[in-house]
Amino acid sequence: DLMTGVTSLPSAGEAGTYLAAAGYTYSSRAGTTKAPHFLMTNNNGTAGSLSSSGSGELLISSGTGNATALTLDGSQNAIFTANIKLPATGALFFDGGSDTYIYEASANDMDFFTGGSRALRLDASNNATFAGEVNVGTTASGDGTLNIIASTGEQSIIEFSDTTNSRGRIYYDHASSPEKLILETTGTTA
């Protein structure tokens, strides 16, 4: 047990070495807002530290200059100084459970799960595939707007398909003169 024989830590302004065999050093940071802290060192010098801000925050520092990487505040919020990186196919879980999460299904494909089932996939080509309904608007009154924006001179299309073929579509042809709204079923203009 690394803590054997350690009954208390020095107060601010004191310094001492504890758990030296494990590479932990306890010291104060005179002249800073940070209270005494643990320094974790390796053969190359300081690898990081764990300290208190003196105002209820826990600070985890690392890297060049031992800069703060993570702050845990008095309200249990985690504040990261830089990016949060997950390994390939890693997931970000919500609500402390295992059925609502964001997951990298494969390189550059993101899946959003709710209730243990995939609700949405965003793929590397910027396509979105929904597993269920897509609703526009949140109330029974007021406008619900679905904007389909095409490049200049192109078509804005809503297509109806089964797993084998395209069965029909509604599209607005911006290139025709005059511009047209067209209904089409299996290749035939209605």
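Of the 190 residues in the chain, 18% are buried, where buried means under 20% relative accessible area, exposed over 50% and partly exposed in between (1.4 Å probe, protein chains only). This is a predicted model, in which local features need pLDDT of at least 70 and side-chain atom pairs count only at pLDDT 80 or more, while totals for chains, interfaces and linings use all residues. Residues are numbered from 1 along each chain as its sequence is written, and side-chain values use heavy atoms, with hydrogens and water left out.

**The whole chain**

Begin with a cartoon view, which should show 0 helices and 15 strands; helices (H or I, at least four residues) and strands (E, at least two) are DSSP runs, numbered from the N terminus. With a contact taken as heavy atoms within 4.5 Å, residues 24 or more positions apart account for 3% of the contacts in the chain with a separation of 6 or more. If you then switch to a surface, the accessible area of the chain is about 13,500 Å², with 52% of it belonging to carbon and sulfur atoms, as calculated by the Shrake-Rupley method with a 1.4 Å probe, where for residues only the protein chains shown count as cover.

**Strands E9, E10 and E11**

Select residues 109–114 and 117–122, which are strands E9 and E10, running antiparallel and joined by 5 bridges; two strands pair if DSSP finds at least two bridges between them. The hairpin of E9 and E10 has 2 residues between the strands, and Gly 115 in this hairpin takes a positive phi near 60°. Extend the selection to residues 128–130, strand E11, which runs antiparallel to E10 and is joined to E10 by 3 bridges, with Phe 130 as the bridge partner of Leu 120. Between E10 and E11 the hairpin has 5 residues, and Asn 126 in the turn has a positive phi of about 65°.

**Salt bridges**

Now show the side chains of Asp 111, Arg 118 and Arg 121, which are linked in a network of salt bridges, a salt bridge being a side-chain nitrogen of Lys or Arg within 4 Å of a carboxyl oxygen of Asp or Glu. The closest N and O atoms are 3.9 Å apart for Asp 111 and Arg 118, and 2.6 Å apart for Arg 121 and Asp 111. Because Arg 121 lies in strand E10 and Asp 111 in strand E9, this pair ties together parts that are 10 residues apart in sequence; Arg 121 is also the bridge partner of Asp 111 in E10. Asp 111 is buried at 3% relative accessibility, whereas Arg 118 is partly exposed at 37% and Arg 121 is partly exposed at 24%.

Move next to Arg 169 and Glu 184, whose salt bridge has its closest N and O atoms 3.0 Å apart. This pair links distant parts of the chain, with Arg 169 in strand E13 and Glu 184 in strand E14, 15 residues apart, and both residues are buried. The count for the model comes to 3 salt bridges.

**Backbone exceptions**

Most residues other than glycine have a negative phi, and most peptide bonds are trans. Select Gln 76, in the loop between strand E5 (67–72) and strand E6 (78–80), where phi is positive at about 65° and the residue is exposed, with a relative accessible area of 68%. Asp 95, in the loop between strand E7 (91–93) and strand E8 (101–106), has a positive phi of about 65° and is exposed, with a relative accessible area of 77%. Finish at Ser 177 and Pro 178, which are joined by a cis peptide bond with omega about 0°; Pro 178 lies in the loop between strand E13 (166–173) and strand E14 (180–185).
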